[in-house]
Amino acid sequence: MTIVAPPQAYVIASRPLIVGFGNPTVDVTVETNLDDLARLDAPLPGEDAAGRTDSIKEELVSRALGGNIGRIVAQTPGGSALNAMRVAARAPHDTVRVSFIGAVGTDEGAAMIRDAMARDGVVPLLLSVPGRPTGTCVSLVVPFCGDRSLVAV
């Protein structure tokens, strides 16, 4: 018995598959100043929040989202692995297939991430975790120096 695959199956199987996995996040860019960072014991430009407790990081993110650190200038889907997969999916002429494995909440952030993946042609392999928010990474930017501080939860 001979099994013949339909032409579409051959075309799909002949393209390389790139699979990324990581922590998808909503990236929030906040313009702030050195005084606000010092007042809130936030990381200074060029630093990140590594080594700080989860509760301190959650408080910093909450303050940033509430407008208590600076001004929100952008909210975009992110996470380094997801960003890389979105770029790979833009390869010309459908040369690769791209998928991403990660976990999200059941909130607006998850919808933003799913929409971006669909727009860019990334096949989502996402676990939805009820009762947990999608990850957030706040980038605190001091405009005059251009450096940023990162706080992720």
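This passage walks through two helices, a set of salt bridges, a nonpolar surface patch and a few single residues of a predicted model.

Because the model is predicted, local features are reported at pLDDT of at least 70 and side-chain atom pairs count only at pLDDT 80 or more, while totals for chains, interfaces and linings use all residues. Residues are numbered from 1 along each chain as its sequence is written, and side-chain values use heavy atoms, with hydrogens and water left out.

A good place to start is helix H5, residues 108–120 (helices, H or I of at least four residues, and strands, E of at least two, are DSSP runs numbered from the N terminus). Its 13 residues reach 18 Å from the first C-alpha to the last, close to the 18 Å expected at 1.5 Å a residue; the expected span is 1.5 Å times one less than the number of residues. Gly109, Ala110, Ile113, Ala116, Met117 and Asp120 are the buried residues of H5, where buried means under 20% relative accessible area, exposed over 50%, and partly exposed in between (1.4 Å probe, protein chains only). Viewed down the axis of H5, these buried residues fall within an arc of 130 degrees, so they line one face of the helix; the arc is that of the directions from the helix axis to the C-beta atoms. Glu108, Ala118 and Arg119 are exposed on the other side of H5. The buried residues of H5 pack against strands S2 (25–31), S3 (71–78), S4 (97–104) and S5, and against helix H4 (80–88). Just after H5 comes glycine 121, with a positive phi of about 80 degrees.

Helix H3 can be described along similar lines. Its 12 residues, 54–65, should span 16 Å at 1.5 Å a residue, and its end C-alpha atoms are indeed 16 Å apart. Lys57, Leu60, Val61 and Ala64 are the buried residues of H3. They cover an arc of only 95 degrees around the axis, which puts them on the same side of H3. Their packing partners are S2, S3, S6 and strand S7 (148–152). Glycine 67 follows H3 and has a positive phi, near 80 degrees.

Charged pairs come next. Side chains of opposite charge can pair when their charged atoms come close. With a salt bridge taken as a side-chain nitrogen of Lys or Arg within 4 Å of a carboxyl oxygen of Asp or Glu, the count comes to 6 salt bridges. One of them joins glutamate 31 to arginine 71, with the closest N and O atoms 2.9 Å apart. Glutamate 31 lies in strand S2 and arginine 71 in strand S3, so this pair ties together parts that are 40 residues apart in sequence. Glutamate 31 is partly exposed, at 31% relative accessibility. Within helix H3, aspartate 54 and lysine 57 sit 3 residues apart, about one turn of the helix, and their side chains meet in a salt bridge (3.8 Å, N to O). Lysine 57 is buried, with a relative accessible area of 17%.

Another salt bridge is formed by the side chains of aspartate 120 and arginine 86 (2.5 Å, N to O). Aspartate 120 belongs to helix H5 and arginine 86 to helix H4, so the pair ties together parts that are 34 residues apart in sequence. Both residues are buried, and salt bridges that share partners join Arg86, Arg90 and Asp120 into one network. Arginine 86 itself has 12% relative accessibility. Leaving aside neighbours within four places in sequence, arginine 86 is in contact (heavy atoms within 4.5 Å) with Pro77, Ala116, Arg119, Asp120 and Val122.

Threonine 136, in strand S6 (residues 135–141), is buried at 13% relative accessible area. Beyond neighbours within four places in sequence, its contacts include Thr25, Val61 and Val151. Asparagine 23, by contrast, is found in the loop between S1 and S2 and counts as exposed at 64% relative accessibility. Not counting residues up to four places away in sequence, asparagine 23 touches Gly78 and Gly79.

On the surface, Leu17, Val19, Phe21, Ile101, Val123 and Leu125 make a nonpolar patch of about 570 Å². Patches are made of residues with over 30% relative accessible area and no salt bridge, with like charges joined within 9 Å and nonpolar side chains (Val, Leu, Ile, Met, Phe, Trp, Tyr) within 5 Å; accessible areas come from the Shrake-Rupley method with a 1.4 Å probe, and for residues only the protein chains shown count as cover. Strands S1 (17–21) and S5 (122–128) each supply at least two residues of this patch, and S1 gives the most, with 3 residues. Valine 19, found in S1, is partly exposed, with a relative accessible area of 41%.
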